[in-house]
Amino acid sequence: MTKFLTMPCISDIAQLLEAIAPPALQEDYDNSGLLVGEPNTEVTGVLVSLDVTEEVVKEAVAKGCNLIVSHHPIVFRPLKRFTGKSQVERTVMAALRAGVGLYAIHTNLDNVAHGVNAMMASKLGLDDFEVLRPAQSTMAKIVTYVPLGDLDAVRDAMFKAGGGHIGDYDECSFSAEGSGSFRALDGANPHVGEIGERHLESEARLEVVVERWNIGRVRSAMQAAHPYEEVAHDILMMDNLHPTAGSGGIGSYDEPMEWPAFVDLVKTAFGAPIVRHTLPPRGPIKTVALCGGTGSFLLPDALRAQADVFLSSDFKYHEFFGTEERITIADIGHAEAEGGISEWLVDQLIVLKEGFPNFAVLLSEVRTNPIHVS
Ligand SMILES: [Zn+2]
């Protein structure tokens, strides 16, 4: 008997989040994904927060939520003991005791074009948003050789599995006709041709781009749809930049904005009490580069893109030096820059209510930002 679920499982929520931001896009140092909990646990409700603290765990319990989805992973470095000595240990122990799962969607959400940086750009009203430093070594190409009569079926299967996606386009492929040869040996069960005889077949060379984390899925779909017993195929790793994944973002204003108006907008849009900045730009602001979280590593990219302002957070004193003539660095604080991502995640998760009307997705009301400004 199939169990009728009235609530989604943690795995359903993970699947939805992974479709939004593939885990493979997280940085090496990161620890995104399911940190506490079992995938087959039914979720009574999700509480979304930027950070996880003991208070947020308490809030989840009080609101009947047994999963917290946060941007920042509470467990970042390996934990060796659980004695309640550190804030991280205490928070994890509280979650375990209360049966609350913890899921983090961190740098993988920073690194998709529609993620954290797009959220920031939309708060600033920027147009023509693009990734500032596109990701490299994320793309591959699967090439296979298909009898002409089966070309459509194989191509469809590869598209359905997620192949052929480039930026704002999907179903991208290339095919050219040629002649394939093979000789079936003893033990083979050839689709066409005779055992022991060379066979020539009119085939199409079919090429489909695929993101590297999808190679397995697309290759399996291709092989399943292909009529041959042994499917000749090449998997080529590409150096192309990913059109919609990478670090930071950049956008522009149709109507350039004066610095004081920009500062007002930033403070209102991000709830930032202060903006720490280098000298204001000499003229009106046309182009703004930005990065949620700690962004100083992208300053060279912002300079190269000739942005008027680079908006981010966590700049150290010495990092403000040296570029005053070329760009204005604006530091609005880490939690302020990224805070809006919780609301955004609530909007993404709310779609699960379609299948599970009683499922709750709530925004945390706990202020987790430990930095206060007086
Ligand atoms: Zn952050």
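Let me begin with the expected span of a helix, which is 1.5 Å times one less than its number of residues, where helices (H or I, at least four residues) and strands (E, at least two) are DSSP runs, numbered from the N terminus. What we are looking at is a predicted model, in which local features need pLDDT of at least 70 and side-chain atom pairs count only at pLDDT 80 or more, while totals for chains, interfaces and linings use all residues. Residues are numbered from 1 along each chain as its sequence is written.

Take helix α8, residues 259–270: its 12 residues should span 16 Å at 1.5 Å a residue, and the C-alpha atoms at its ends are indeed 16 Å apart, so the two values agree. Its buried residues are Phe-262, Val-266 and Phe-270, a residue being buried if 20 or more other C-beta atoms, placed from the backbone, lie within 10 Å of its own, exposed if 12 or fewer, and partly exposed in between. These three cover an arc of only 40° around the axis, taken from the directions from the helix axis to the C-beta atoms, and therefore sit on the same side of α8. On the face turned away from that buried side we find the exposed residues Pro-260, Ala-261 and Thr-268. Just after α8 comes Gly-271, with a positive phi of about 60°.

Turning to the sheet, this is an open one of 4 strands in the order β7-β8-β6-β9, with antiparallel pairing, where two strands pair if DSSP finds at least two bridges between them. Its edge strands, β7 (174–183) and β9 (233–237), each pair on one side only. Within the sheet, β6 (residues 139–147) and β8 (residues 198–211) are joined by 9 bridges, and Met-139 has Glu-211 of β8 as its bridge partner.
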